[in-house]
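Here is a quick walk through one protein model, written for someone who would rather be at the bench. Have the structure open and follow along.

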Amino acid sequence: MSQPAPQAHPVPQHVHQAQLQVAAALEKAEGKPVDLLKAPWGEVERAVQKVLGGAFQMNNPEHQTVALGLAGAFAMRLIQEHQAFWFPNRDSPEGATLGFPDAIIMLSPFGAAMDALGQSKLSRLDDLAADIRRSLGQARFGVGNPAQGAGGQQPKLGPVDYQRLFDPGFLQFVTLDSNKAKTALESKPDSLARDVRNALGRAQQELPPEARAQFEGQIVQSLQRLEASKSLIEQADRAPRLAELMAHLFATVGGTGSAPEDFWHDIVLPLLFIGTPNSFPPMDDEELDLFRQGADPLPLFVDVVPHAHPAPDEGLLGAFEMGDIGLVHPGFARIGALRLIRIDAKRIKPLLEQFDPAKMAATIQAFGAEVAKAAGQPINESPQGKEMLQAALTLLADLKRAVTQGQGELALRRLTEAEAASERALAAVRKGLQGSLIIT
């Protein structure tokens with residue numbers, strides 16, 4: 001089965017394995033190989049029906065594997081035709097999504113395969129491919145894009161661009177006023193649209209024109225497209241990101257900056273559970289070699305020094321049990337992948353009350369000095385290491401303020417890198433909403 005070089009278009013390993021399993025199952029069922037990359041989907045479907053042994057059942061794990069394998073084959077066809085690529089996306093059931101270099105088109109091959117199998121019509125994948133081909137053709141010739149003149153060429157998009165725009169890999173803790181959140185979510189969309197538009201007017205001096213135009217075009221118009229007779233939360237399954245954004249805009253009264261999820265999980269929150277010990281465990285040769293090779297003291301500190309306070313073995317960010325997680329509003333219960341969830345802070349509140357940024361910085365400095373002495377070389381003080389430590393201490397100081405002084409409920413917000421970059425604009429709109437009738 002031919003495929004592009006892995007380094008050019010990396011395929012998620014579980015998708016690749018499912019594709020191999022399905023190819024083997026189809027060959028066994030047909031008594032001959034079935035080329036998943038070239039055979040007509042009608043031919044593939046006849047073989048798939050033999051493997052399924054009946055109607056497709058979306059909750060059957062074996063049938064899901066078939067769908068995932070077909071998704072891999074469908075994606076590979078698009079990769080070969082359009083130079084599409086996989087990029088990480090935590091919102092996607094398969095953990096990755098397909099993007100295209102010539103236009104912003106995001107596709108879940110697994111979702112497409114599930115829909116086609118559910119309708120017993122794999123030829124729908126041909127229809128979807130034709131739609132993509134048409135959209136990409138329009139993009140290449142500048143149709144519907146006045147900014148691109150005749151013969152103009154748009155810059156190619158890559159996996160990093162898509163990940164920045166669509167993968168919610170950043171996290172931010174916020175304090176929500178629960179009453180304001182309830183009021184906003186249970187309001188009608190036209191009322192919310194009016195309040196947001198008024199806030200944009202109040203924030204004119206703080207928002208550049210392009211940011212105001214983006215809010216107007218994406219947020220206000222999205223609200224106006226919803227049913228006017230129903231509340232926003234009643235339609236949250238149609239527009240879950242919009243509902244979560246409205247809760248954030250109308251109800252956030254404090255919080256932290258945003259940072260990559262790995263940074264919270266691997267550095268920031270472990271510092272809370274480690275605390276500020278007076279002594280450190282001895283370093284082994286491997287750890288000392290890492291230090292000699294330039295490793296900064298902070299990641300070594302987190303990796304080597306044991307927790308002074310017990311942390312959950314599993315759960316969210318290694319800091320919260322599943323029982324600590326809840327809904328911002330009961331209406332979100334029917335939404336699959338939420339990006340805004342309530343967090344019970346009881347586990348981390350006493351640790352935050354003890355947290356002292358200066359004392360933590362001094363502890364890590366002392367650890368670095370001890371490791372440097374054991375390694376027989378000066379302490380590593382790279383600009384990147386200093387920046388990482390300052391960022392971690394700032395986030396913990398923000399979190400301490402939100403939990404110990406905040407008037408509201410702690411919530412965790414998952415956002416993309418692009419959304420994180422626009423947080424200053426959101427803050428200006430939130431400030432403008434202070435004059436809105438809905439939140440007074």
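Which residues have the most contacts inside the largest nonpolar core? This is a predicted model, and in it they are Val44, Val48, Leu70, Leu78, Leu98, Phe100 and Leu122, in a core of 49 residues. At least two core residues come from each of helix 1 (13-30), helix 2 (41-52), helix 3 (61-82), strand 1 (85-88), strand 2 (96-99), helix 4 (109-118) and helix 5 (124-140). Helix 3 gives the largest share of this core, with 11 residues. Another core lies apart from it, with 48 residues, including Phe273, Phe367, Leu389 and Ala392. As a rule of thumb, nonpolar side chains in soluble globular proteins tend to be buried together.

Phe100 is a handy place to look around. Setting aside neighbours within four places in sequence, Phe100 is in contact with Leu78, His82, Ala84, Phe85, Ile105, Leu107, Ile132, Leu136, Leu157 and Tyr162.

**The small sheet**

Next, the strands. Three of them, in the order 1-2-3, form an open sheet with antiparallel pairing. Strand 1 and strand 3 are the edges, each pairing on one side only. In general, strands of a sheet pair through backbone hydrogen bonds, parallel or antiparallel. Here strand 1 and strand 2 are joined by 4 bridges, and Pro88 has Ala96 as its bridge partner in strand 2. On to the next pair: 2 bridges link strand 2 with strand 3 (residues 106-107). Leu98 has Leu107 as its bridge partner in strand 3, while Gly99 stands opposite Met106 in strand 3. The connection from strand 2 to strand 3 is a hairpin through 6 residues.

Which residues of strand 2 are buried on one side and on the other? Ala96 and Leu98 are buried on one side, Thr97 and Gly99 on the other, and both faces of the strand are covered. That pattern of sides fits the general picture, where side chains in a regular strand alternate between the two faces of the sheet.

**The largest pocket and Arg413**

How much space lies in the largest pocket? About 1300 Å³. Its lining counts 42 residues, and those nearest the centre are Leu165, Gln218, Arg241, Arg339 and Glu419. Two or more lining residues come from each of strand 3, helix 6 (159-166), helix 9 (209-224), helix 10 (240-251), strand 9, helix 17 (417-421) and helix 18 (423-433). Helix 9 supplies the largest share of the lining, 7 residues.

Strand 9 (residues 409-415) is also where you will find Arg413. Is Arg413 buried or exposed? Its relative accessible area is 9%, under the 20% cut-off, so Arg413 counts as buried. The Arg413 side chain makes a polar contact with the side chain of Glu423 at 2.9 Å, and another with the side chain of His248 at 3.3 Å. Not counting residues up to four places away in sequence, Arg413 touches Phe170, Leu171, Gln172, Leu245, His248, Arg339, Leu340, Glu423 and Leu426. One of those, Arg339, is among the residues nearest the centre of the largest pocket.

**Loop residues to check**

Most residues other than glycine have a negative phi. Ser120 goes the other way, with a positive phi near 50°, and Leu317 does so too, with a positive phi near 60°. Ser120 sits in the loop between helix 4 and helix 5, whereas Leu317 is in the loop between helix 13 (297-304) and strand 7 (325-326).

Gln204 is another loop residue, placed between helix 8 (189-202) and helix 9. Its C-alpha atom is 9.0 Å from that of Ala428, although the two residues are 224 residues apart along the chain.

How do these loop residues rate for accessibility? Here they are side by side:

| Residue | Relative accessible area | Class |
|---|---|---|
| Ser120 | 49% | partly exposed |
| Leu317 | 5% | buried |
| Gln204 | 48% | partly exposed |

Why does Ser120 count as partly exposed? Because its relative accessibility is 49%, and exposed would need over 50%. Leu317, at 5%, is under the 20% cut-off and so counts as buried.

Notes. Residues numbered from 1 in each chain as written. Predicted model: local features only at pLDDT ≥ 70, side-chain atom pairs only at ≥ 80, totals over all residues. Heavy atoms only, no water. Buried < 20%, exposed > 50% of the residue type's maximum accessible area, 1.4 Å probe, protein only. Polar contact = N/O pair within 3.5 Å; in protein donor to acceptor, adjacent residues only side chain to side chain. Contact = heavy atoms within 4.5 Å. Core = buried A, V, L, I, M, F, W, Y, C linked by side-chain atoms within 4.5 Å. Pairing = 2+ DSSP bridges. 1 Å grid on protein atoms, 1.4 Å probe; cavity = no way out; pocket = protein on both sides within 12 Å on 5 of 7 lines; lining within 4 Å. Points joined across faces, edges and corners; volume = space filled by probe spheres on them.
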